[in-house]
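Colleague: I'd like to go through the labels in this one. Can you show me the structure first?

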Amino acid sequence: MDIAHALDLAHQASDAVRGTTSPNPAVGAVILDADGDVIGIGATAPPGGPHAEVVALHAAGARAHGGTAVVTLEPCNHYGRTGPCSKALLDAGIRQVFYANADPFPSAAGGAEFLRAAGVDTHFLDQPIRALQPWLSATRLGRPHVTLKFASTLDGFSGATDGTSQWITGDTARAYVHEDRSKRDAIIVGTGTVLSDNPSLTARTDTGLYEHQPRRVVIGSREVPDSSHLAQLGYEQYAGIPEALSALWDTGCRDILIEGGPALAASALRLGVVDQVQAYIAPALLGAGKSVLTWPQETTMDEIMRFETTSVRQLGSDVLIEMMMRKKH
Ligand SMILES: NC(=O)c1ccc[n+]([C@@H]2O[C@H](COP(=O)([O-])OP(=O)(O)OC[C@H]3O[C@@H](n4cnc5c(N)ncnc54)[C@H](OP(=O)(O)O)[C@@H]3O)[C@@H](O)[C@H]2O)c1
């Protein structure tokens, strides 16, 4: 098997565990034997469990000797709750290592250098890995990676003038939102959304719940009623966004989704803590109603807040546009 195909398998292994590994990264690893056949695939286990390389080496067994490892992130080089993966690869007799991303975490980086110094042929592939992007961003920023999600009509309204706001998008888009929630560490909403929509903030399939459920977080000073779904399911409440981000970071969250509403979304953008935006756009018009943002962001075109589109996907008859925040000069 060629390295690109093996990286594809490692990429899929990363994707499969996204949401279950924080504060650790969702890494995927593939071991090829000396003939280039796949003999082990692994992904990061939940915190405290083995890293991807160790899982893949375990699956490969003795045939790993003289083989190749293809990993989505540079093998770690430190003694945390588990031993260094760089040493595990060396001890297993791996002769070649390909990794897609460098480890930005100072205490864990250096795995590639260690392997090279030990005579292992080591290559940096410099390939983006979807499941690792939030973790890489969070590690650089020292706070959770924040994705702001909203659903709106073509003309940017998230609710009608009579106050009704559910549901703007169709079944396919909503199913996608639930799958996305199942890969996040936490979902945040403001008290306004809790009081008007009584959301559960769970990640649901057609028949039940996804195995991984994000933490449910509310921001604001108003009380969440005892009779609400959130009160029954359990949630955390914070007075403001910085307090929430700091507490979530300290307790292991790296990848969070702000699901609104318009006041919280506007505050998060103003604070400059939004790294990515997901706009679910329905092919519908209202002409008037509640905007996706409560407050204006800028008053002149020169200072308009712009984003870099990273993907556009059709979900039923709706469209999901994913964007990264564009840095102002
Ligand atoms: N289309 C969509 O994507 C979407 C998504 C979610 C909600 N919605 C709709 O939005 C409507 C609710 O709108 P909303 O603007 O009232 O909801 P919201 O943004 O969920 O809640 C607003 C409240 O959140 C708290 N808050 C917001 N920013 C804060 C900050 N920086 N610091 C501290 N607290 C902050 C405040 O709570 P306190 O007043 O308690 O202090 C504020 O009153 C509903 O109709 C809902 O259906 C639409």
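Modeller: Start with A151: one of its polar backbone atoms is 2.8 Å from an oxygen atom of the ligand. This is a predicted model, where local features need pLDDT of at least 70, side-chain atom pairs count only at pLDDT 80 or more, and totals for chains, interfaces and linings use all residues. Residues are numbered from 1 along each chain as its sequence is written, and side-chain values use heavy atoms, leaving out hydrogens and water.

Colleague: What makes S165 a polar contact of the ligand?

Modeller: A polar contact is a pair of N or O atoms within 3.5 Å. An N or O atom in the side chain of S165 is 2.5 Å from a ligand oxygen, so the pair counts.

Colleague: And which atom of G261 does a ligand oxygen approach?

Modeller: A polar backbone atom of G261, at 2.8 Å.

Colleague: Why is L201 called buried?

Modeller: Buried means under 20% relative accessible area, exposed over 50%, partly exposed in between (1.4 Å probe, protein chains only). L201 has 2%, so buried is the word.

Colleague: Why does D126 get the opposite label, exposed?

Modeller: Because its relative accessible area is 55%, and exposed means over 50%.

Colleague: What is the sign of phi in D126, and in L201?

Modeller: Phi of D126 is positive, near 55 degrees, and L201 has a positive phi of about 55 degrees too, although it is not a glycine. Most residues other than glycine have a negative phi.

Colleague: Which peptide bonds are cis, the one joining Q166 and W167 among them?

Modeller: That bond has omega of about -15 degrees, and the bond from G260 to G261 is cis with omega near 0 degrees.

Conventions:
Polar contact = N/O pair within 3.5 Å; in protein donor to acceptor, adjacent residues only side chain to side chain.
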